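Colleague: I should like to learn how to read a model like this one, feature by feature. Could we take the metal site, a pair of strands and a ligand pocket in turn?

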Amino acid sequence: MHDQPLLDVSNLTVNLLTAKSAVCPVDGVSYSVRQGECLAIVGESGSGKTVMNFAPLGLMPTGVTTMLSGSVKLEGRELIGLPETEIQKLRGKSVGFIFQDPMSALNPVRRIGRQIAEMAELHLNLTPRAAEARALELVKLVGISDPAARLRQYPHELSGGLRQRIVIAIALAGEPKLLIADEPTTALDVTVQAQILRLLKDVQRRLNMAMVLITHDMGVVAGAADNIVVMYAARAAECGPVDKVLVSPRHPYTRGLINAIPRREDPIGSEFRGLPGIPPTLGAPIRGCALAPRCELAVPACGNSRPPLVRSDDSAVLVACPVVNQGKAAA
Amino acid sequence: MTQAPVLKVENLQTRFKSVQRGKYVHAVDDVSIELYPGEIVGLVGESGCGKSTLGRTIVGLEKATSGRVLLDGVDLTTLSGAALRDSRRALQYVFQDPYSSLNDRQTVGEAIDEALVIAGTRSPEERDRRTKELLDQVGLASAVRDRHTRELSGGQRQRVAIARSLAVNPRVLICDEPVSALDLSIRAQVMNLFLRLQKDLGVACLFIAHDLALVRQAASRVYVMYLGKIVEHGSSRELYDHPSHPYSQMLLASAPEVDPRIEKNRRGPLMIGEVPSPTNPPSGCRFRTRCPLAVDDCAKAMPPSRVLSPEHTAACTFAADLHRGKRSALLQQEVSAA
Ligand SMILES: Nc1ncnc2c1ncn2[C@@H]1O[C@H](COP(=O)(O)OP(=O)(O)OP(=O)(O)O)[C@@H](O)[C@H]1O
Ligand SMILES: Nc1ncnc2c1ncn2[C@@H]1O[C@H](COP(=O)(O)OP(=O)(O)O)[C@@H](O)[C@H]1O
Ligand code: SF4
Ligand code: SF4
Ligand SMILES: [Mg+2]
Ligand SMILES: [Mg+2]
């Protein structure tokens, strides 16, 4: 049981069709997360992070037709093709969520305590009374002082950090085995971000949950995650253990991202490092490597076919760049 | 510095009416700052500390309750009508959100042309020439000119917004989190644009940001703001190497490291809680409710600003000790947490 991943995603592709457009925001991505493990998914805006995690759970806005292919297994059970009624049973129960927009998760006109208790009632079949007690426990778990008083408040009465703690409490109400946190600290100050990350790590350990942490901030990854998937333009560019990928990145995009972070030794007034150009739009299919127009290692062959994600010179790290991978073969 | 400051803000105060009757939001309280020609100066602090309100008051988007804003020695708070409008042009504001600051229906060319018209450039030929020049200055290809702003990426839109603010040949740019909404791989491009504008055009820039690493690299000096007040000011080198206010120390220590070997072993301090409401700021030192070094006296009176070196001041009773590395807000907290 322990060596079977809790979440096993393989070759997942998502196509979204609206009245006006068709995009492919997730293009053949594979990864897995084990119990007690945290996987970070990193990539820039529009690279497909949110869609990849939420589309298989039936969480896409109305007005979009979602087409899924590949496989997403939760505790060995295939989610793709599962009827909506079955998927609905998983949401909030086996899988807890923290959505990117912090306010959307809370109902502005209901007291905090009710909102948490409702989730517990729904997913754990508790009596209203037991659910109230559970709400109090959860509010304590997320480190809120004076919990009984907080339960009577409304969302707008709380600061950003406290609100995010409540959102976490709600996500944990169904005792999920997997927590998907979409940019849980992006709207917060670094000072509060540090508090919330520490809290997430702490509850993840205590409840022995699996966690998927979606972020665009490498600093968030370093402290919290065990493994990382770096996304670029709907595809995985590199994945592996964070101690390896962040310390010696291999894919030119990962290298560019990490290199772009200002360092203390950079002289004051010196040029900022970054990647040239801009990411592609996902409307038209990309034939070769999506990074080619921005990549300093690109060779003509990079435009021909999509580079597969394969083992690099370190067998724990997968890299989708033949130029980098062949460099290893030559060396 | 021997030059005169291009912008001097003296004892500026901006208050808003609070939702609590009879009370005020003390967003900016007795702030004095200076900007010299051609320098980039950072303004950092957590959200809600009053950074945007300070910037908006300087350019006249908010009304100061008291205090003076001097541009080249002329007090803008005493001007009105045409004289004020002319002076204000020299001060331009660059907004955080490159998506809402432009009109979607305009092409890039139209957006810049409009700014030139507002700036009083009458001749269409002259505007055409300037539009080309501005596109070039902000690093946009001339082909972009006919595209609608809505078709552009965030980084490109931010460049158009900057081109518009440069249309009036400003002396000072107030940049409010100008790259926060941009992706990391694009951020460097826009930051380098600011460095270039400063060098080539001599524009002075007040750079508001919460990303401390970004500010360190771009700015020669930095102001740290907390709950409406400047609590520390110094050259970037001094401030980052010897932060001397507990708030600055903790702010710097909160920024995460990218190296997991360092980040995972970090035990240490976390900033407690969040910024209190500026409607009822704490008495005495405003940081005292979160300060691990606070003593009883901190509640009694606002600590005066202490001069630590010619270009470094901090408003804390223990600033001199902290500057010498004697007492640290960080160590203190580890002890009390244990
Ligand atoms: N409801 C929708 N209708 C149409 N296209 C969509 C919809 N939601 C997302 N997309 C498109 O799918 C792609 C991936 O979007 P997604 O939200 O997953 O990105 P992301 O990596 O989470 O970005 P961010 O960091 O900005 O949250 C984008 O091109 C986006 O425009
Ligand atoms: N127009 C306004 N009316 C009332 N309060 C305001 C207004 N603008 C800002 N504030 C308040 O002033 C304080 C400082 O805000 P702001 O200058 O936006 O901070 P920062 O830019 O540092 O995040 C905050 O408490 C904010 O809610
Ligand atoms: S495949 Fe080519 S273009 Fe893509 S990352 Fe590797 S070298 Fe660069
Ligand atoms: S004056 Fe007191 S409360 Fe304020 S920062 Fe210094 S030690 Fe802390
Ligand atoms: Mg997203
Ligand atoms: Mg602001």
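Modeller: Let us begin with A:Thr50, which is partly exposed, with a relative accessible area of 30%, and let us keep in mind that this is a predicted model. A:Gln100 also counts as partly exposed, at 42% relative accessibility, since that class lies between the limits of 20% for buried and 50% for exposed.

Colleague: Which protein atoms are the donors of the magnesium ion (ligand 5)?

Modeller: They are OG1 of A:Thr50 and OE1 of A:Gln100, lying 2.0 to 2.3 Å from the ion. A:Thr50 lies in helix H1 (residues 49-54) of chain A, whereas A:Gln100 lies in the loop between strand E6 (95-98) and helix H3 (112-124) of that chain, so the pair ties together parts that are 50 residues apart in sequence.

Colleague: Turning to the strands, how many residues of strand E9 (residues 227-232) of chain A are buried?

Modeller: Five of the six are, so strand E9 of chain A is largely enclosed by the rest of the structure. To read its pairing, look at the direction and the bridges: strand E3 (residues 38-42) of chain A runs parallel to E9(A) and is joined to it by four bridges, with A:Leu39 opposite A:Asn227. Strand E10 (residues 235-241) of chain A pairs with E9(A) in the antiparallel sense over six bridges, and there A:Ile228 stands opposite A:Gly240.

Colleague: What do E9(A) and E10(A) form, and with how many residues between them?

Modeller: They form a hairpin with two residues between them, and A:Ala233 in the turn has a positive phi of about 45°.

Colleague: For the pocket of ligand 2, which polar contacts should I look at?

Modeller: A backbone N or O atom of B:Cys49 lies 3.2 Å from an oxygen atom of ligand 2, and a backbone N or O atom of B:Lys51 lies 2.8 Å from one, while B:Thr53 places a polar side-chain atom 2.4 Å from an oxygen atom of the ligand. The protein covers 63% of the 560 Å² of accessible area that ligand 2 has on its own.

Colleague: Which element gives the largest share of that shell, and how do its residues divide?

Modeller: The largest share, three residues, comes from H1(B), and the shell divides into five nonpolar, five polar and two charged residues. By contrast, the shell around ligand 3 holds 11 nonpolar residues, one polar and no charged, including A:Cys289, A:Leu291 and A:Val323.

Technical notes. Residues are numbered from 1 along each chain as its sequence is written. Chains are lettered from A and ligands numbered from 1 in the order in which they are written. This is a predicted model: local features need pLDDT of at least 70, side-chain atom pairs count only at pLDDT 80 or more; totals for chains, interfaces and linings use all residues. Side-chain values use heavy atoms; hydrogens and water are left out. Donors are N, O and S atoms within 2.8 Å of the metal (3.2 Å for Na, K and Ca); water is not among the atoms, so sites may look incomplete. Buried means under 20% relative accessible area, exposed over 50%, partly exposed in between (1.4 Å probe, protein chains only). A residue is near a molecule or strand if one of its heavy atoms lies within 4 Å of it. Ala, Val, Leu, Ile, Met, Phe, Trp, Tyr, Cys and Pro count as nonpolar, Asp, Glu, Lys and Arg as charged, and the others, Gly among them, as polar. Two strands pair if DSSP finds at least two bridges between them. A polar contact is a pair of N or O atoms within 3.5 Å; within protein, one must be able to donate a hydrogen and the other to accept it, and residues adjacent in sequence count only if both atoms are side-chain atoms. Accessible areas come from the Shrake-Rupley method with a 1.4 Å probe; for residues, only the protein chains shown count as cover.
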